[in-house]
Amino acid sequence: RNQESSSSGHCLVVVLSRLANAVTPLWRLPYQEQLEVKYESQRKILQTLASRLEELGINAQKPGGLCCALQPVVPSPTINGYRNKSTFSVNRGPDGNPKTVGLYVGTGRGRNIVCVKANHVENIPSKHKQVAQCYEEFICRSPLDSCILFHEGGHWRELVVRTTSCGHTMAIVTFHPQQLGQEALATQKALLKEFFTCGPGAVCALTSLYFQESTMTRCSHEQSPYQLLHGAPHIFEELLGLKFRISPDAFFQVNTAGAEVLYQAVGELCQAAGDTVLLDVCCGTGTIGLSLAHRVSKVIGVEVVEKAIEDAEWNAAFNGISNCEFHSGKAEAVLPQLLASWEDARPLVAVVNPSRAGLHYRVVRAIRNCRSIRRLLYISCKPEGEAMRNFLELCCPPDPRKKLAGEPFAPVLAIPFDMFPHTVHCELVLLFTR
């Protein structure tokens, strides 16, 4: 028995180590060494961009083979437990429990996926871990199965936890309804609410508890509305002296303290004078535009998530900011129309902060063909991915076949921000001018 216990304990340690290595691969390194690793990775990205530009006939080689000057990585003010949003999966754990709430280790191709509790992962705060543990306790009590594969049935799925420095906690439970009727669904929602308000889950002190019936891997609010079971419909965050309202699916930088440092730098790089118009593409809840509104004459925000735009408008009104307008819709639909008829004589500075998928080609084309935009800040969490395609589209020579008639941009300065300590990722701010 002792040998079996020792072997089991060793296997668990191995699995926990694998999870830490997968989620936070740099966790064993002292923080200064993490920054050095990230600087080197960003340097290679800029070298790649320089080479790709050379292939287009653009002489972009700077010292070190870079396409522009690269500053040191700006450290995060908070290193551990910095995440304000965590997404937990439900699947089979190392002990065989099919209702384990945690993070994945393994791959589908290798058929070795296992869900491991994230209690030891350093970038996730203790409050998120507490809510995840309570959710696991709840679904283990439930007679309903977890939904591991949609076609095999089951119901209980993901948990998203969002927290703020104001002490607010939002939990969003995703549930596959399968063939359950409205009465049965109402029963499950009532049980979930009771557990987190009167039962063992009350220890989490949730500000908001949401429930989403989802038949897909990811559903927007428009596809499947978030249903408020308990508490306030929003949580609130304070950033650079402003107060921001956050909806369940609204984008907000995952590292709040790091975001403050990032946005202050963006404000400096914009070099916005009092008559400048700031175009904030993929604006989320309006954090960048609103934090810079006092420096410019006008802010125009564009965002695909409708609820995020509602948050942005509320944020502007609550903070007494009246020089902002926000447009809801896909950037590739909104921006070309907005810029095609642009006749404002004021200087126009653009800030884009897209997802890992980068900007749609029509967005890049609209920016390229708008002569008023002389300065562009591209904020990317994955510059080596689809963002690289955007960089090349922004800088390539005019191409009538692609309807790129505008003068090309040129990369001038790159500043990496460590928004994700212990991981290999950075938020790279790349300044383009023309």
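**Exercise 1.** How many salt bridges are there between domain 1 and domain 2?

*Solution.* The model is predicted: local features need pLDDT of at least 70, side-chain atom pairs count only at pLDDT 80 or more, and totals for chains, interfaces and linings use all residues. Residues are numbered from 1 along each chain as its sequence is written, and side-chain values use heavy atoms, with hydrogens and water left out.

Step 1. An automatic or database assignment gives the domain bounds: domain 1 spans 85-233 and domain 2 spans 255-433.

Step 2. A salt bridge requires a side-chain nitrogen of Lys or Arg within 4 Å of a carboxyl oxygen of Asp or Glu. Between domain 1 and domain 2 the count is zero.

**Exercise 2.** Describe how domain 1 and domain 2 meet.

*Solution.* Step 1. The C-alpha centres of the two domains are 33 Å apart.

Step 2. Counting contacts (heavy atoms within 4.5 Å), four residues of domain 1 touch five residues of domain 2.

Step 3. The buried area, meaning the accessible area (1.4 Å probe) that two parts lose on being put together, summed over both, is about 360 Å² between these domains, and carbon and sulfur atoms give 55% of this area.

**Exercise 3.** Locate the residue that UniProt annotates as "active site" and state its surroundings.

*Solution.* Step 1. The UniProt annotation, from an unreviewed entry, covers C381; such annotations may be inferred rather than shown by experiment.

Step 2. C381 sits in the loop between β15 (373-380) and α10 (386-395), where helices (H or I, at least four residues) and strands (E, at least two) are DSSP runs numbered from the N terminus.

Step 3. With neighbours within four places in sequence set aside, C381 contacts R356, F420, C426 and E427.
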